[in-house]
Each structure stands twice: as C-alpha cells, then as structure tokens.
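Here is a friendly note to read alongside the structure. Take the points in order, and keep the 3D view open as you go.

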Amino acid sequence: MAQYARPDSDITVGNWTDEGTSFNDGNLYTSIQEVTSDNDTSYINADDTATTCVIGLNSINAPGTGTITLHVYFRSSGTGGPEKLDIDLYEGTSLVQSWPNQTNRSGTYSDLNATVSNTITDYSDLRVHLGADSVGSGEWIRVTQVYLEAPDAAGTDTSDSTSAYLKGSQNTSDNQVAFLQGSQDAGDNQEAYWKHIL
Ligand SMILES: [Ca+2]
Ligand SMILES: [Ca+2]
Ligand SMILES: [Ca+2]
C-alpha cells in the first residue's frame with residue numbers, strides 16, 4: 001500500500017496553460033491529477049521559456065520507512081537545442097529537492113520517476129514547481145500527470161479490512177478482563193479507531 005499526494009490547487013500559474021477536452025477549465029491542476037496518465041487528453045503546456053507554475057498537492061500522513069518517489073510525466077516539441085523542464089519539490093516555500101534540465105522530445109510522455117532522497121518534514125503543504133527552460137519560438141513542453149508516492153503512515157495496518165481489532169490480556173490486579181487497543185488507519189476500509197486504556 002501507499003499514499004499518494006496529487007495536484008489539488010494552482011498556487012502560481014505563470015504562463016502555463018491547460019489544454020485538452022473537458023479538462024480545459026482554466027485550472028492547471030485538474031489536467032495533471034489523474035490516477036493513470038491520460039497522455040494528451042489533459043495536460044498543461046508552456047510555450048514560453050523561463051516560466052514556472054507552482055502546483056499544490058493534497059496532504060498525506062507522515063509516511064513510515066520506505067522510498068518516496070516523485071512522478072512527472074512530460075514531453076516536449078522543438079528543434080535544435082533541447083527544451084528543458086526544471087522540476088522542484090517544495091514543502092511550503094522551502095525547497096526539498098531539485099531535478100533540473102529534464103528533457104524528452106521522443107514524442108511520447110516519459111516519467112521523471114525520481115527518488116526523493118532529501119528529508120520532508122511537512123507533508124501537509126507539498127508543492128511541485130514546473131519551470132520551462134530553453135523553450136524557443138514554436139516549441140513547447142507539456143506535462144500530463146504529477147504525483148508523489150509515499151509509504152503508508154507509520155504504525156498503520158493495511159493488511160486487512162477489519163473495522164478494529166481487539167487485544168486482550170489477563171490482569172490479576174483488578175477486575176479488568178480485557179483491554180481494547182486500536183490504531184488509525186487511512187489506508188483501508190476501517191471506519192474508526194478506538195483506544196481505551198484501563
Ligand atoms: Ca484543467
Ligand atoms: Ca529548442
Ligand atoms: Ca493529464
């Protein structure tokens with residue numbers, strides 16, 4: 001199991017535009033938030049060098065141990081020197097990590113698929129900066145999908161779909177016959193948790 005932080009707001013639009021079918025609604029994030037990349041059905045476009053957009057991601061819980069990965073599906077069109085995409089991950093206004101000068105003029109989208117090796121402390125305000133770089137006249141860069149994938153929150157149980165679990169132990173010092181212990185679980189169908197210490 002995993003947690004996913006996907007685009008849920010435009011923080012800075014710059015000269016990026018959204019393009020394509022019903023997703024052309026004036027919001028960038030609605031064109032790059034799908035669960036499975038939809039290629040040119042919905043995307044955001046930059047045809048202007050040195051313009052950056054900032055996209056907010058939905059909050060996730062602080063994850064347990066494991067790899068965090070940033071996915072950015074993009075491609076470009078142009079001639080001569082390559083069009084470049086500068087990708088930065090921020091928490092709020094603090095830079096976490098940069099992946100500058102990404103290129104792909106293959107004609108099909110490719111995924112940045114970058115491991116986040118620097119520490120994230122605030123998972124409630126993650127942002128992705130997408131900077132168009134070296135985009136000349138008649139050239140463009142498109143991004144169709146962005147998300148951050150992280151392990152489940154530490155201490156949660158995703159192995160079943162039970163609503164809670166009951167843990168009992170004999171206690172000879174009083175009349176207690178059992179105790180209940182639960183934990184919050186955002187990753188399955190559990191509807192509530194109950195913690196009771198006698
Ligand atoms: Ca849109
Ligand atoms: Ca070029
Ligand atoms: Ca898309």
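Which strand is largely enclosed by the rest of the structure? Keep that question in mind; the answer comes in point 3.

1. **What you are looking at.** Please remember that this is a predicted model. The chain has 14 strands and zero helices, so if you read along the sequence you meet β-β-β-β-β-β-β-β-β-β-β-β-β-β. Of the 198 residues, 29% are buried. Among contacts with a separation of 6 or more, 74% link residues that are 24 or more positions apart.

2. **An open sheet of five strands.** Try to find the strands in the order β2-β5-β11-β7-β8, which make an open sheet with antiparallel pairing. At its edges stand β2 (7-12) and β8 (94-102); each has a single partner strand, so one side of each is left without a neighbour in the sheet. On average, and ignoring direction, neighbouring strands here are turned by 20 degrees against each other.

3. **The enclosed strand.** The answer to the opening question is β11: six of its eight residues are buried, so this strand is largely enclosed by the rest of the structure. β11 covers residues 126-133. With β5 it pairs in the antiparallel sense over six bridges, and Gly56 stands opposite Arg127 of β11. With β7, β11 shares eight bridges, again in the antiparallel sense.

4. **Following Tyr90 across the sheet.** This residue is a handy one to click on. Its bridge partner in β11 is Arg127, while in β8 the bridge partner of Tyr90 is Leu95. The strands β7 (residues 84-91) and β8 are antiparallel and are joined over six bridges.

5. **A strand with two faces.** Now look at β1 (residues 2-5), where the side chains alternate. Gln3 and Ala5 point to one face and are buried, whereas Ala2 and Tyr4 point to the other and are not. β1 runs antiparallel to β12 (residues 140-151), and four bridges join the two. Within β12, the residue opposite Gln3 is Ala150.

6. **The nonpolar core.** In soluble globular proteins, nonpolar side chains tend to be buried together. In this model the largest nonpolar core has 35 residues, and Ile55, Val143 and Leu148 have the most contacts inside it. At least two core residues come from each of β4 (43-46), β5 (51-57), β6 (69-77), β7, β11 and β12. The strand that gives the most is β12, with six residues. To see how Val143 is surrounded, leave aside residues up to four places away in sequence: Val143 then touches Ile32, Tyr43, Ile44, Val72, Tyr73, Phe74 and Leu130.

7. **A buried residue in a loop.** Is Phe23 buried or exposed? Its place is in the loop between β3 (17-19) and β4. Phe23 has 20 other C-beta atoms within 10 Å, and a residue with 20 or more is called buried, so Phe23 is buried. Not counting residues up to four places away in sequence, Phe23 touches Asp18, Thr30, Ser31 and Ser42. The C-alpha atoms of Phe23 and Thr41 are 8.1 Å apart in space, with their positions 18 residues apart in sequence.

8. **Two residues with a positive phi.** Ala50 has a positive phi of about 60 degrees although it is not a glycine. You will find Ala50 in the loop between β4 and β5, and it counts as partly exposed because 13 C-beta neighbours lie inside 10 Å. Asn113 is not a glycine either, yet its phi is positive, at about 50 degrees. Asn113 belongs to the loop between β9 (110-111) and β10 and is exposed, with 11 other C-beta atoms within 10 Å.

9. **One more loop residue.** Finish with Asn118, in the loop between β10 (114-115) and β11. Asn118 counts as exposed, because it has 10 C-beta neighbours inside 10 Å. Beyond its neighbours within four places in sequence, Asn118 is in contact with Val96 and Gln97. The C-alpha atoms of Asn118 and Ile68 are separated by 9.7 Å, and these residues are 50 residues apart along the chain.

Technical notes. Residues are numbered from 1 along each chain as its sequence is written. Chains are lettered from A and ligands numbered from 1 in the order in which they are written. This is a predicted model: local features need pLDDT of at least 70, side-chain atom pairs count only at pLDDT 80 or more; totals for chains, interfaces and linings use all residues. A residue is buried if 20 or more other C-beta atoms lie within 10 Å of its own, exposed if 12 or fewer, and partly exposed in between; C-beta atoms are placed from the backbone. Two residues are in contact if their C-beta atoms, placed from the backbone, lie within 7 Å. Two strands pair if DSSP finds at least two bridges between them. Axes are lines fitted to C-alpha atoms, for helices over the stretch in contact, and angles run from 0 to 180 degrees between N-to-C directions. A nonpolar core is a set of buried Ala, Val, Leu, Ile, Met, Phe, Trp, Tyr and Cys residues joined through C-beta atoms within 7 Å.
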